[in-house]
Amino acid sequence: MKFFIDTANLAQIKEAQELGVLDGVTTNPSLMAKEGITGKDNILKHYVDICNIVDGDVSAEVISTDFESIIKEGEELAELHEQIVVKVPMIKDGIKAIKYFSDKGIRTNCTLVFSPGQALLAAKAGAAYVSPFIGRLDDISTDGLNLIAEIRHIYDNYAFETEILAASVRHTMHVIDCAKIGADVMTGPLSSIEGLLKHPLTDSGLAKFLEDYKKGN
Ligand code: G3P
């Protein structure tokens, strides 16, 4: 399972990279705004800064919603760095654009996916990644993890190569449950990765080992 971090915060990206288990980064316009990154030039520079920190794919999202503009914007993003994956929304022109990019060898991440049918379309169009938002489904009393299971089943039926990128991961149990179901990738906050470290028996066991070592020395 690949671990991506879902943030545009450079300090957190560095911290996750230094942990040695980071496979990539996802961003979106809201995450860029949260870091105060505004204006086209600053946003493009920030994507390059992220690529220079992490070894792996970096999703950069288009803000256009019509085919021609998505293509223009996506091609510009893809030219920034070889690690860039163009993130395209699950809309009709988005699907057309994903097919266009796929034919040109430009990798895409189809975002804002909330149903198995949307995920099937994204795979048919040739998306490298599909991003089902599990946390946002949980927010409205719908089982986000069940969506991951449904997509896994469909993709396995036809050996689709599109990777299931569980997005809107909010906490550590989401990560574990996605791993059990067989999501190819999860993207979440740094806390969802660091939470995997924690167990009280590890802490108390280590304290006892160190205490016993001191007694014998
Ligand atoms: O990758 C998509 C993600 O950023 C959405 O997360 O927590 O805003 O639902 P959230």
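Q: A polar contact is a pair of N or O atoms within 3.5 Å (within protein, one must be able to donate a hydrogen and the other to accept it, and residues adjacent in sequence count only if both atoms are side-chain atoms); at what distance from an N or O atom in the side chain of Asn-28 is an oxygen atom of the ligand?

A: The model here is predicted, and local features need pLDDT of at least 70, side-chain atom pairs pLDDT 80 or more, while totals for chains, interfaces and linings use all residues. Residues are numbered from 1 along each chain as its sequence is written, and side-chain values use heavy atoms, without hydrogens and water. For Asn-28, the distance to a ligand oxygen is 2.9 Å; a ligand oxygen is also 2.6 Å from an N or O atom in the side chain of Asp-6, and a polar side-chain atom of Arg-170 lies 2.8 Å from a ligand oxygen. On its own the ligand has 310 Å² of accessible area (Shrake-Rupley method, 1.4 Å probe), of which the protein covers 82%.

Q: Which residues are around the ligand?

A: With a heavy atom within 4 Å as the cut-off, they are Asp-6, Asn-28, Lys-87, Phe-133, Arg-136, Ala-167, Ser-168, Arg-170 and Thr-187. By class, this shell has two nonpolar, three polar and four charged residues, where Asp, Glu, Lys and Arg count as charged, Ala, Val, Leu, Ile, Met, Phe, Trp, Tyr, Cys and Pro as nonpolar, and the others, Gly among them, as polar.

Q: Where is the ligand with respect to the pockets?

A: Rolling a probe the size of a water molecule over the atoms shows where empty space is left. A pocket is an open set of points, on a 1 Å grid over the protein atoms alone, where a 1.4 Å probe fits, with protein on both sides within 12 Å along at least five of seven lines; lining residues have an atom within 4 Å of a point. The ligand takes the space of the largest pocket (more than half of its atoms lie within 2 Å of the grid points). Among the 21 residues that line the largest pocket, Asp-6, Thr-7, Asn-28, Leu-31 and Val-169 lie nearest its centre. This lining divides into six nonpolar, nine polar and six charged residues.

Q: Which residues are closest to the centre of the second largest pocket?

A: The second largest pocket has about 280 Å³ of space (the volume filled by probe spheres set on the points, which are joined across faces, edges and corners). Of its 14 lining residues, Lys-40, Ile-43, Glu-61, Ile-63 and Glu-73 are closest to the centre. By class, this lining has nine nonpolar, one polar and four charged residues.
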